[in-house]
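Let's take a walk through this structure together, one element at a time. Have the sequence and the model open as you read.

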Amino acid sequence: MARKVVKSAAPRAPLDPRPEFHGPILQGLRGHEAPVRALLDALSRGRLASTLLFAGPSGVGKKRAALGLAQSLVCERATPSACGACGPCVRVANVQNESVLLVEPQGAGIKIEQAREILRFLALRQLGRARVVIVDEAHLLNPQAGNSLLKALEEPPPGTHFVLVTSQPGALLPTIRSRAQTIRFQALADEVVAALTGAPDWVVRAAQGSVEAAARFSGDGDGWESLRRSALGALDEMVSGRWPEGLEGLRESAKDRDSALFISRIWGRALRDFAFYSAQGGLVEGRSHLPDQAELTRRGARLPVGWLEQLSELCLQLEQDIARNVDKGLAFENFCLSAIGAYSGREPRPVLG
Ligand SMILES: [Zn+2]
């Protein structure tokens, strides 16, 4: 059966985590109690490092946390928590505060012109209580731009704070990483993502703790739902020992990195259900990642446990390959070969890196 695969050049979802929230941003952040506490504690003791690195998965609210910290630094009423209501606080929330510079990648990276803009900003006279430079996706600073900022990051002018935000701290220039104090953010719990987005259950589970991903997966009409059906259809054929008919379509969709990750996560969750079903002889209410796929789960659970484990590992590897930007088509094909091999009892092929 041919399956329609919607090619998903997923549009940016409307849910930039900047909802109608009035009040201090930091205190309104959900699911990041530990880093928020650490920041407020450092502020109240006057021990906040002047260059911070907010590191953690994409789409969990790191940039929003940086804006929250900026509020705490520029608020004219309350400290260490901002009031959220004074002029400077409101302007930070709207990303319109003249004392806060937010730098985001333009195209593929953060370029030298943008670094110069930061240096010009630092040369201006300070107007409010403090100045804050937030660099989003800081790992995309190109080397020239990064190097031009080293001195400023090492010793920002008095009253100036840098917050570098990244989902890939390992990809940051080591010279920059060593100048910043790292604050770690974790993936959000499914309940928090569900509460923040109101997204359907399968979207929340595929989003793996990212509000941004959940918004994206629910923001494209039925594109993602259709992709999910295709991915599960292909998996169904694989666990039945057939070469998935819709694989070409999936490979086409998987050229887009978000879609590729989405497919691998859907498969990963399904494999976990198979393994759980196989071990328990059934699924427990509320424990299923694919509550609407009972038939597929039963079929998948018939695979030998050892194979299920290997396939789960291969799926994890697939996800890592996609994150590392290796040839996604090849990574997919290798996973499929291994999955079918699992059914027929042959050795799985290694997923090529
Ligand atoms: Zn305020």
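Helices here are DSSP runs of H or I with at least four residues, strands are runs of E with at least two, and both are numbered from the N terminus. With that naming in hand, glutamine 208 can be placed in the loop between α9 (201–207) and α10 (211–217). Please keep in mind throughout that this is a predicted model.

Glutamine 208 is a good place to pause, since its phi is positive, about 45 degrees, although the residue is not a glycine. Most residues other than glycine have a negative phi. Glutamine 208 counts as partly exposed because its relative accessibility is 24%. A second residue of this kind is glutamate 137, a non-glycine with a positive phi of about 55 degrees. Glutamate 137 sits in the loop between β3 and α6 (143–154), and its relative accessibility of 28% makes it partly exposed.

From that loop we can step into the sheet. In which order do the five strands of the open sheet lie? The order is β2-β3-β4-β1-β5, and the pairing is parallel. β2 (100–103) and β5 form the edges, each pairing on one side only. From one strand to the next, the twist averages 20 degrees.

Now let's cross the sheet from the β2 edge. Four bridges link β2 to strand β3 (residues 131–135) in the parallel sense, and here leucine 102 stands opposite isoleucine 134 in β3. The next pair, β3 and β4, is also parallel and has five bridges. Isoleucine 134 faces valine 163 of β4 in this pairing. On the other side of β4, strand β4 (residues 160–166) is joined in parallel to β1 by five bridges. Threonine 51 stands opposite phenylalanine 162 in β4, while leucine 52 stands opposite valine 163. Finally, β1 pairs with strand β5 (residues 181–184) through four bridges, again in the parallel sense; in that pairing leucine 52 is opposite glutamine 181.

How many of the residues of β1 are buried? Five of the five residues in this strand (residues 51–55) are, so β1 is largely enclosed by the rest of the structure. In a regular strand the side chains alternate between the two faces of the sheet. In β1, Thr51, Leu53 and Ala55 lie on one side and Leu52 and Phe54 on the other; all of them are buried, and both faces are thus covered. β4 is mostly covered too, with seven of its seven residues buried. Thr160, Phe162, Leu164 and Thr166 point one way from β4, His161, Val163 and Val165 point the other way, and all are buried.

Phe54 of β1 also leads us to the packing of the interior. Nonpolar side chains tend to be buried together in soluble globular proteins. The largest nonpolar core has 77 residues, of which Phe54, Leu69, Met238, Trp267 and Phe335 touch the most other members. Helix α13 (residues 257–280) gives the most to this core, contributing nine residues. At least three residues of this core come from each of domain 1 (25–186) and domain 2 (222–344). Apart from it lies another core, of 22 residues, which include Val133, Leu149, Leu150 and Ala152.

Our last stop is the zinc ion. Which residues are its protein donors? They are Cys75, Cys83, Cys86 and Cys89, each through its SG atom, at 2.3 to 2.4 Å from the ion. Along the chain, the donors follow the spacing C-x7-C-x2-C-x2-C. The four donor atoms subtend angles of 105 to 119 degrees around the zinc ion, which makes the arrangement tetrahedral. For comparison, the ideal angle for four tetrahedral donors is 109.5 degrees.

Are cysteine 83 and cysteine 86 buried or partly exposed? Cysteine 83 counts as partly exposed because its relative accessibility is 22%, whereas cysteine 86 is buried, with a relative accessible area of 1%. Alanine 85 lies in the loop between α3 (62–74) and α4 (87–93). With a relative accessible area of 49%, alanine 85 is partly exposed. The C-alpha atoms of alanine 85 and glutamine 71 are separated by 9.9 Å, the two residues being 14 residues apart along the chain.

Key: Residues are numbered from 1 along each chain as its sequence is written. This is a predicted model: local features need pLDDT of at least 70, side-chain atom pairs count only at pLDDT 80 or more; totals for chains, interfaces and linings use all residues. Side-chain values use heavy atoms; hydrogens and water are left out. Donors are N, O and S atoms within 2.8 Å of the metal (3.2 Å for Na, K and Ca); water is not among the atoms, so sites may look incomplete. Four donors count as tetrahedral if all angles lie between 85 and 135 degrees; four count as square planar and six as octahedral if opposite donors are over 155 degrees apart and all others between 65 and 115; anything else is irregular. Buried means under 20% relative accessible area, exposed over 50%, partly exposed in between (1.4 Å probe, protein chains only). Two strands pair if DSSP finds at least two bridges between them. A nonpolar core is a set of buried Ala, Val, Leu, Ile, Met, Phe, Trp, Tyr and Cys residues joined through side-chain atoms within 4.5 Å. Domain bounds come from an automatic or database domain assignment. Axes are lines fitted to C-alpha atoms, for helices over the stretch in contact, and angles run from 0 to 180 degrees between N-to-C directions.
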